[in-house]
Amino acid sequence: VHTPDWSQVPLPHWWDEQIPLERAISDIPTMLAIQELRFLHGYLRDHFQGRGAVVDLGTFLGAGAAAMASGLRANPRLVAHDHIVHSYDSFEWNNLVNWWKGPLVVGGAPAQLNPQENFAFAAQQNVAPWRDLIQIHEGWVDAQTWSGDPIEFLMVDIMKSRQTTRDVLLGFFTCLQPEISMVYHQDYKFLNTAFIHLSMYRLRHHFLPVYSLPVNALVFRCIRPVSREDALQASDFDDFTIQEMHDAFSYSAYLMQQDHAAIQHYIDVAHLDAFLDCIVYLPLEYRQRAAAEPLFWARLERIFGIDVAGLIKPGVAG
Amino acid sequence: MTVPPAPTWGQLLQLSARITAIPSMISGQETSFLYSYMRDHYQGQGEAVELGSFLGASTAAQAAGLIANPLPATQSRRLFSYDSFIWGGLINWWKHKPRHIGELSPPILQPEDRFEDSYRINVQPWLDRIEVRAGWVNETSWDGAPIEWLFVDIMKSQDTAAVVARTFFPHLLPQVGVLYHQDYKFLDTPWIHMLMYRLRNYFKPWYSVEHGGMVFTCLYPIPMDAIEEAVAFHTYTVHEINNSFAYSLALMGNDVDYQRGYVMISHLDAYLEAIEQTPPETRRTAIQDPLFQARLRQLFVELPAKVPATPLLDAKPNTKSSETTPPTTCYVLCGTPGSGIKWGSEFIQAQGIMGAPQAFLDPAVQTHLRQAWSLQDAPMLDYLRACMQHTISSLGIFGITLTFDHLQAILGELNTNSTQPDAFSTLETLFPNLHCVYLTRSDRIQQALGNLVDRQASEYDVAEIDAEVKSLIQQHIAWSRFFMHCPKPPQIFDIHDLYTIIQPQFHSMLNAMRIEPLADWRFQLVPAPMLPRHPEWGLRYLMDKGVTLADSVVSASDHPES
């Protein structure tokens, strides 16, 4: 596979500034790294200009929203202090029950919710000190969720599927302002969100990678408006060629070349995951037939150089 | 120009034993088609080209058909037969198997071993109508002569597919040229589907060979830029890949289920191929990651149960409650001694869905079972009913292995004999919904020798071997006569085919009996035993009989005409 030369693309700045953070923020249970909370606080405090909204997609228990709100509060440029964080989450526990075993609230009890239960109450409780600066929106985000107002800072932590990616691109990315707006991709360096890489690759002429955090996130500045057509094209995942998919991850790997090897490995996994995503959308019968076929497992063994059946099938000797 | 497919194409022809004895991975239906096509439809307007000769079975079928073709224009034509004749990736498929007719003790293969000599032995009777082109196809060329018939069995990689398309497709005669894709329905050649999809305006699907490949006719001259576009596999979008396979499946509407399944797996394989294009380090990293492993597990292990679209047989527990329930399907696994019945029985039992076929009439087995079931003095038919009750599968299927002697014994109990036209239907009164699965073996001398070894023969005795060969042929003829009166034709498998392509053969067996496996069923591989049993006796016997290696198979073949 031909690998393009990305050397003309500027690499993102490495962000490792030690910004002090209120104890009330760092105490909120979260899956964000402390560096991320510092960045969110620091960016909103020092760089936010007040020329668009602050949107937090994926509130969880409120740590990110609190970090952004506290940054807004400390921002000396904001005279009127009329900006708030619009924080969105479905707050459906069944999406997170396998990922989070810790407490729900600051100093509170560990999660003991039923999968069907809603945990918005926990987020409300955790962000209480910044209640005046955070508006929590409960429910699933779609392309119509946002009012269409200009957005200056967009924190994205809900791109967990192709459909959500499409909705976020259509509903929020189209409201970004060139040279002003920033997109904080919290899952950029995670391993099973291949569609982020594919979509950002197609939008690479619209976004400049600006900051790279030690874990999880890459931050982009919008440099060209994203039209509805751009958003549709960037999220038309069946329209990608095989070469383009390879190129997308080559581009991401280039942007992450300063990362720790363990983080860079995630991009390898995401790269392969992009093709597994294609398989997921085929009829289930195809996988059922493949799984019953010894030659299919032999094929996987050839690809990965290891007895995959022994590795992932219970009761099969490795 | 395209004529309807000939009725003979779907038939399993009784080809010369000299052809069917050649070791091969292609099915009898496919060999029949190749022969029939070259005999009845090839016009001689362009050259006939075979890409991927392997050991020559397909070559022989095509060349024999060509020779039998009465058209004057075909008389000067030869079959251009290409192969690298280097084992390479085939080695694990064929490590211990014979390479040429009459080979008695095949040496263990090495990856770079050549097999052109074996090929030439196999196709020797037709060599004057064959132009052998040895070498890798990407290092060879075509002189530009128009091609009327192109047999393709070497598209094993994207690169080879591209070379074949570039080198040969432009020379296919419009409105006359025919392309046969042997691997169209296999499970790991996805690029064939993609290629043929992008070239679909140049090719018309003509005929799908059961248990074989797909035939296309060439409609228009294929320009090189169309070919280059079609072989640029990295430029296919996901959408286009998905469409390619939808197109292929649409062409296979009447194909057997396992072959449609292979194309579905091939569809997945298109994306696995993309994964394989990533650097090895990327793949090594990914497979070590627990979350990636979990993803694979979720995709291919933790699957929801398969719900059969049309459940043909209801599952029944193999408990006492089934003792009063007759089987819904019965089958006899039959053949001649040493034709592979014992291994076939072990293989079927291992699958767990077709019961436990046993040689219930074997004296030792019978004594043991009668004692175990307290049926020492019971009539044979009662004993057989007990066998049914005890070994019926959860799907309600019962199987029994029979030699011809056993068959006669049962028919005698039913007051008939194997030559009676109603013998099969009489047998069905005991075994409802009966099917016959007949295992045969082309290397009959080896079969005879194996039987003698099993009977502890300690010394070479040409008369004894003669007698055993003769006995096997007589039994085979007796079976053939019995099958002539069967309303359901038997499924016939050569044991060599079963060893090499066992899974598709087994699927075709299930399909013929309309057996739908349950959701959690998984195919079980059962190692095949080595067939050659006493090679030095075989060589000596051939010398004593004054026959060549090639003649040996003809003279001792299990085909009626011999």
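**Figure 1. Contacts within chain B of the predicted model****.** Among contacts in chain B that join residues at least 6 apart in sequence, 76% link residues at least 24 apart. The secondary structure of this chain consists of 23 helices and 11 strands. Chain B has 562 residues, and 58% of them are buried. The area that chain B exposes is about 22700 Å², with 53% of it supplied by carbon and sulfur atoms.

**Figure 2. Helix 7 of chain B, residues 190-198****.** This helix is mostly covered, since nine of its nine residues count as buried. The view takes in B:Pro190, B:Trp191, B:Ile192, B:His193, B:Met194, B:Leu195, B:Met196, B:Tyr197 and B:Arg198, which are buried. Among them are B:His193 and B:Arg198.

**Figure 3. Surroundings of B:Gln491 in strand 11 of chain B****.** Strand 11 covers residues 491-494, and B:Gln491 lies in it. B:Gln491 is classed as buried because its relative accessibility is 12%, and the cut-off for buried is under 20%. Leaving aside residues up to four places away in sequence, B:Gln491 touches B:Cys436, B:Val437 and B:Tyr438, and also B:Ser508, B:Met509, B:Ala512 and B:Met513.

**Figure 4. The interface of chain A and chain B****.** The size of an interface is often given as the accessible area lost when the parts come together. Between chain A and chain B, the buried area is about 5200 Å². Carbon and sulfur atoms give 71% of that area. Chain A brings 51 residues to the contact and chain B brings 56 residues.

**Figure 5. Salt bridges and polar contacts between chain A and chain B****.** Six salt bridges are found across this interface. One joins the side chains of A:Arg289 and B:Asp257, with an N to O distance of 2.8 Å. With both residues at pLDDT 80 or more, 16 residue pairs are in polar contact between the two chains.

**Figure 6. The side of chain A that touches chain B****.** Five elements of chain A each supply at least two residues to this side: helix 8 (242-255), helix 9 (261-280), helix 10 (284-291), helix 11 (294-304) and helix 12 (308-312). Helix 9 of chain A gives the largest share, 13 residues. By residue type, the side of chain A that touches chain B divides into 33 nonpolar, six polar and 12 charged residues.

Terms used. Residues numbered from 1 in each chain as written. Chains lettered and ligands numbered in written order. Predicted model: local features only at pLDDT ≥ 70, side-chain atom pairs only at ≥ 80, totals over all residues. Heavy atoms only, no water. Contact = heavy atoms within 4.5 Å. Buried area = accessible area lost by both parts, 1.4 Å probe. Salt bridge = Lys/Arg side-chain N within 4 Å of Asp/Glu carboxyl O. Polar contact = N/O pair within 3.5 Å; in protein donor to acceptor, adjacent residues only side chain to side chain. Helix = DSSP H or I, 4+ residues; strand = E, 2+ residues; numbered from the N terminus. Nonpolar A, V, L, I, M, F, W, Y, C, P; charged D, E, K, R; others polar. Buried < 20%, exposed > 50% of the residue type's maximum accessible area, 1.4 Å probe, protein only. Areas by Shrake-Rupley, 256 points an atom, 1.4 Å probe, with all protein chains shown as cover.
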